[in-house]
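Me: I am beginning to study protein structures and should be grateful for a close look at one part of the model below, its nonpolar core. Please explain how that part is built and how it fits into the rest of the chain.

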Amino acid sequence: MTLSPADLPAVRGALLAWFDRAGRPLPWRVGPEGGRDPYRVWVSEVLLQQTQVARGQVYFERFMTAFPTVQALADAPIEAVLKAWEGCGYYARARNLHRAAGVIVREGMPTTYEGWRALPGVGPYTAAAVASLACGEARAVNDGNVRRVLARLHGERQPTQTWVQARADELFDPARPGAFNEAVMDLGATTCTPKTPKCGECPLQAWCTAFASGYPAAFPAPKERAAVREIHAVALLLGDAREAVLERREGSLLGGLMGLPNEVVREGETPEKALARLAERLGASVTGELGTVTHTMTHRHLNLTVYGGLGGPPRSRVSDAALSRLDHKALGLWERRQDSLFAGA
Ligand code: SF4
């Protein structure tokens, strides 16, 4: 079965009727359809690029409590913004949010796709989402949910970006741009899910090629994944879980955050050698290994072996710093060690 252009109005109508009935009451959907609060939509779209909606809601509320307005975000020191972003990953996005908030306060809230696109860190997807959801502009969004729903509807195993955008544009409802985009996002997130689509509850089932095939989850074909690079590093915990020596990370790997001092184990080098280099740099001595923690990013898997030590630079209060999840795990090793010492006492 192939979806014909003549079917598009009926498909569009079924999707929007379903959304009117079953759309999710998410905390960033404040304001009327197509006229949502642009600040909340923008922050949510940046947050949800790397986070599941359930967890994203918790982070979103935390961020909004800290910075309820774009003015509050622009006025805040970057340290406070990174602290509120803790756990959300990709800290460059938090820095861009902060920079863009400064632009908005000076120049006003954008009201068009082009205006949003000109802000630091705002790509085509986010600009289309905010322009349609908050400004009522006729822009069809193109993200993973949209790609999956449209690939299944049309039975396309290898959808390209251009193909998805063309299919989204032809199904799009310019009379209800915000609702249409929210509807596809919701259908992809709640019903046409990646592994086990709930076709029995889907408003598009009557036209869906993937459903008719009997193997809806086989569409689209899985993307080939780039190889994950293993990185080994050693860290020194000088102090304890409340007060410790912290350093600002440089480079793309957790760059900009504070964390335990560490050294990457170089090619052909032993972890002991990297540890000796780290201890010498800090003027510290190593007392023993606390354990290893791991963290997986898109193309990298980081193994961090944490050691306790003495001496070194002055300690800082851990609760004041924006730390990566990896560093929280590393500090958890120290707490577990204390618990086991007390249990054995
Ligand atoms: S019928 Fe199934 S595969 Fe097709 S769009 Fe709906 S949920 Fe997705």
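The reply below turns to the core, then to a residue within it, and then to the surrounding chain.

Reply: The structure is a predicted model, and it is useful to begin with the confidence attached to it. The mean pLDDT of the protein chain is 91, and 97% of the residues score at least 70. Confidence varies along the chain: helix α4 (residues 70–75) has the highest mean pLDDT of the elements, 98, while helix α14 (residues 325–344) has the lowest, 82.

The chain contains 14 helices and 8 strands. Its C-alpha atoms occupy a box of roughly 75 × 50 × 40 Å along the principal axes. Of its 345 residues, 38% are buried.

We may now consider the core itself. In soluble globular proteins, nonpolar side chains tend to be buried together. The largest nonpolar core here holds 87 residues, and the members that touch the most other members are V130, L237, V306 and A330. The greatest contribution to this core, 8 residues, comes from helix α8 (residues 124–135). The core takes at least three residues from each of two domains, domain 1 (5–218) and domain 2 (229–344).

Among the members named above, V306 deserves individual attention. Where does V306 lie in the chain? This residue belongs to strand β7, which covers residues 300–311. Why does V306 count as buried? A residue is called buried if 20 or more other C-beta atoms lie within 10 Å of its own; V306 is therefore buried, because it has 25 C-beta neighbours inside 10 Å. With neighbours up to four places away in sequence set aside, V306 touches A235, L237, L260, L290, G291, V293, A330 and L333. Two of these partners, L237 and A330, also appear beside V306 in the list of core members that touch the most other members. The sequence and the fold may be compared at V306 as well: T292 is 14 residues from V306 along the chain, and their C-alpha atoms are 5.9 Å apart. Over the chain as a whole, 66% of the contacts between residues at least 6 apart in sequence join residues at least 24 apart.

The core draws on both domains, and the arrangement of those domains is the next matter. The domain assignment gives domain 1 as residues 5–218 and domain 2 as residues 229–344. Their centres, taken over C-alpha atoms, are 37 Å apart. Domain 1 gives 7 residues to the contact and domain 2 gives 5. On the domain 1 side, α5 and α6 each supply at least two residues. Of the elements on that side, α5 gives the most, with 3 residues.

Helix α6 (residues 91–107) can be followed in more detail. Its 17 residues reach 24 Å from the first C-alpha to the last, close to the 24 Å expected at 1.5 Å a residue. An α-helix has 3.6 residues a turn, so residues three or four places apart point the same way. The buried residues of α6 are A94, L97, H98, A100, A101 and I104. These buried residues pack against α2 (38–48), α4 and α5 (78–84). Directly after α6 comes G108, with a positive phi near 100°.

Helix α9 (144–154) offers a further example of burial. Of the 11 residues of α9, 10 are buried, and they are N145, V146, R147, R148, V149, L150, A151, R152, L153 and H154. The elements that cover them include α10 (161–171), α11 (177–191) and α12. Within α9, A151 is buried because 22 other C-beta atoms lie within 10 Å of its own. Apart from residues up to four places away in sequence, A151 touches E156, P159, F219 and P220. By contrast, the C-alpha atoms of A151 and E243, 92 residues apart along the chain, are separated by 52 Å. G155, just after α9, has a positive phi of about 70°.

Helix α9 also takes part in the surroundings of the ligand. There are 14 residues around the ligand, of which C192, C199, C202, C208 and P216 come nearest. Both α9 and α12 (209–213) give two or more residues to this shell, and the largest share, 3 residues, is that of α9.

Key
Residues are numbered from 1 along each chain as its sequence is written. This is a predicted model: local features need pLDDT of at least 70, side-chain atom pairs count only at pLDDT 80 or more; totals for chains, interfaces and linings use all residues. A nonpolar core is a set of buried Ala, Val, Leu, Ile, Met, Phe, Trp, Tyr and Cys residues joined through C-beta atoms within 7 Å. A residue is buried if 20 or more other C-beta atoms lie within 10 Å of its own, exposed if 12 or fewer, and partly exposed in between; C-beta atoms are placed from the backbone. Helices (H or I, at least four residues) and strands (E, at least two) are DSSP runs, numbered from the N terminus. Domain bounds come from an automatic or database domain assignment. Two residues are in contact if their C-beta atoms, placed from the backbone, lie within 7 Å. pLDDT is the predictor's confidence in each residue, from 0 to 100. The expected span of a helix is 1.5 Å times one less than its number of residues. A residue is near a molecule or strand if its C-beta atom, placed from the backbone, lies within 6 Å of it.
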